[in-house]
Amino acid sequence: MTTGSPTPASALAALGRPVLAALASVGRVTLFTASVLGHLVRPPFYLRELGHAVLQIGWFSLPVVGLTAIFTGGALALQIYAGGSRFNAEAVVPSIVAIGMARELGPVLGGLMVAARVASSIAAEIGTMKVTEQIDALVTLSTNPLKYLAVPRILAATLTMPVLVAVCDAIGIMGGWLVGITRLDFNSATYLKNTMDFLQPWDIGSGMVKGAVFGFIVALMGCYHGMNSARGAQGVGAATKAAVVSASVLILAANYILTEVFFTS
Amino acid sequence: MISLTAVHKAFGANRVLCGVDLTIPKASSMVIIGGSGTGKSVLLKCVLGLVSPDSGTITLDGQDVTKTDRDAFLARFGMLFQGAALFDSLRVWENVAFRLLRGPKALPKHAARDAAIEKLRRVGLKPETADLFPAELSGGMQKRVGLARAIAAEPEIIFFDEPTTGLDPIMAGVINDLIREIVVEMGVTAMTITHDMSSVRAIADHVAMLHDGVIQWTGPVKEMDATPDPYVQQFIHGRATGPIASVR
């Protein structure tokens, strides 16, 4: 007679299944990444598709990234002022806003906003192409789908994200400056001087390097989940959700690792 | 000549192809019939290399298709997909000229556009269609554009996947006639999968019936109606009773 109570073996099996599935996913993503990197350096190169992707991913992300940055910079100035006033250190607002935007908030928030906008659209577009047999059609037309669809998007995101991060930094610092002079009684020239004095080139450079990594992650996840989309509208929806979630989590994880590498001795 | 020998394919526990043997003579039109879900599309995709068979061999002019140069192999093929599979982001002429604009023998843009417009004319579409996007076309027009794309690079072999699905009977007749004209005119080897009997009679030189993962019957189209094979008879007359279970 079976009791129905779980045995140690069945409990281990229940634990092992998701672990094995996760490891298999990591393996598939790794193989996909290796394949993309291989195609990045081998012709043919689809320059027209690259130009189109630069426009879609870089240029059209500017409004959302800019809006995110200006509000974040403003809120950051208010928070640092409120915190700094406890120690009579209100004067640090310009430098902390600048360093905070350049090192962390610019790349991370920019990356997350681009993940929401771009990873979802890439996954939905490629996923729809898969379920409507457009990917099969590419193959029959002697065109490698990875090279034609994934490589231009991944390259475009990697190249344009550092520029978006730089724009995000500048607008975020402007947001802090605007709040500083209108709400916190800072002198405009002093605020800007403090910003420039304390901000170092590596603060901006490290954020742009992070941006390139985040751009790669965003487009990679969009392409991977789109290419592996299941059939039907539900499959495309699931691929889109998975692309945004995985890109966001990987951005935050990569940000921690890069911060460790760049800023701890 | 395309030859399939003992081709097997399963997706998990679902055995779709269970030893398919089939020969498609050069410059002839073979139509594969069978109910929905019997593996017709899988069979076609196995030949094209879009799906890898689990076992068996597929040869083209005596050469194993898995061991030939992939680009050279695919350059010999044209394919009309069930839903046309046009690229949404490209204009109609760019869809038709897709292969002509790429690869080592790529044509200049204006020459590719001219060639695309010529192919569009061949399938009965006006030159003004060339600058539209696929979403601006009706289903029948999309099928014609798909057909123009399939013949654009003058292939030796053309595959048609359910060419009349979703079309009204008149448009289906137009597409069938176009396919037959093009196959005869270009002297290509054609493989069509369909369950539309009017397509079969319009397009086929030879017919093969796929059921339960194997070819149940194959022969010239003129022998199809007279064959005593119960599977073929049930299918072509659309009977609910017979060896083919009506609920699959």
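**Close-up 1. Met30(B) faces His206(B) across two neighbouring strands.** In this predicted model, Met30(B) stands opposite His206(B), a residue of S9(B). Four bridges join S3(B) to S9(B), and the two strands run parallel. Take a moment to look around strand S9 (residues 206-211) of chain B: five of its six residues are buried, so this strand is largely enclosed by the rest of the structure.

**Close-up 2. On the other side of S3(B) lies S8(B)**. Strand S3 (residues 29-33) and strand S8 (residues 189-194) of chain B are paired in the parallel sense, with five bridges between them. To find one of these pairings, start at Ile32(B): its bridge partner in S8(B) is Ile193(B).

**Close-up 3. S9(B) and S10(B) make a hairpin**. Here the pairing is antiparallel, over six bridges. His211(B) has Val214(B) in S10(B) as its bridge partner. Two residues lie between the strands, and Asp212(B), in the turn, has a positive phi of about 55°.

**Close-up 4. Stepping back, the whole open sheet comes into view**. Six strands of chain B build it, in the order S6-S7-S8-S3-S9-S10, with mixed pairing. Why do S6 and S10 each have one side without a neighbour in the sheet? Both stand at the edges with a single partner strand each, so one side is left free of a neighbour in the sheet. From one strand to the next, the twist averages 15°. Helix H5 (residues 139-151) of chain B packs on this sheet, where it touches S6 and strand S7 (157-161). The direction of H5(B) makes about 175° with that of S6(B).

**Close-up 5. A second hairpin pairs S1(B) with S2(B)**. Strand S1 (residues 2-11) and strand S2 (residues 14-24) of chain B run antiparallel and share eight bridges. Ile2(B) is a good place to begin, as its bridge partner in S2(B) is Ile24(B). Between the strands are two residues, and Gly12(B) in this hairpin takes a positive phi near 65°.

**Close-up 6. Chain B as a whole has eight helices and ten strands**. Its radius of gyration is 18 Å, close to the 18 Å that the globule rule gives for 248 residues, so chain B is as compact as a globular protein of that length. The C-alpha trace spans about 55 × 40 × 35 Å along its principal axes. Of the 248 residues, 45% count as buried. Among contacts in chain B between residues at least 6 apart in sequence, 62% join residues at least 24 apart.

**Close-up 7. Here chain B meets chain A**. The contact brings together 15 residues of chain B and ten residues of chain A. On the chain B side, helix H2 (70-74) and strand S6 (77-80) each supply at least two residues. That side of chain B is made up of ten nonpolar, two polar and three charged residues.

**Close-up 8. Helix H9 of chain A packs against two other helices**. H9(A) covers residues 232-263, and its 32 residues reach 46 Å from first C-alpha to last, close to the 46 Å expected at 1.5 Å a residue. Which helices do its buried residues pack against? They are helix H4 (93-131) and helix H8 (201-227) of chain A. Buried residues to look for in H9(A) include Val236(A), Ala239(A), Thr240(A), Ser246(A), Leu250(A) and Ile251(A).

Conventions
Residues are numbered from 1 along each chain as its sequence is written. Chains are lettered from A and ligands numbered from 1 in the order in which they are written. This is a predicted model: local features need pLDDT of at least 70, side-chain atom pairs count only at pLDDT 80 or more; totals for chains, interfaces and linings use all residues. Two residues are in contact if their C-beta atoms, placed from the backbone, lie within 7 Å. Ala, Val, Leu, Ile, Met, Phe, Trp, Tyr, Cys and Pro count as nonpolar, Asp, Glu, Lys and Arg as charged, and the others, Gly among them, as polar. The expected span of a helix is 1.5 Å times one less than its number of residues. A residue is buried if 20 or more other C-beta atoms lie within 10 Å of its own, exposed if 12 or fewer, and partly exposed in between; C-beta atoms are placed from the backbone. Two strands pair if DSSP finds at least two bridges between them. Axes are lines fitted to C-alpha atoms, for helices over the stretch in contact, and angles run from 0 to 180 degrees between N-to-C directions. The radius of gyration is taken over C-alpha atoms; the globule rule is 2.2 Å times the number of residues to the power 0.38.
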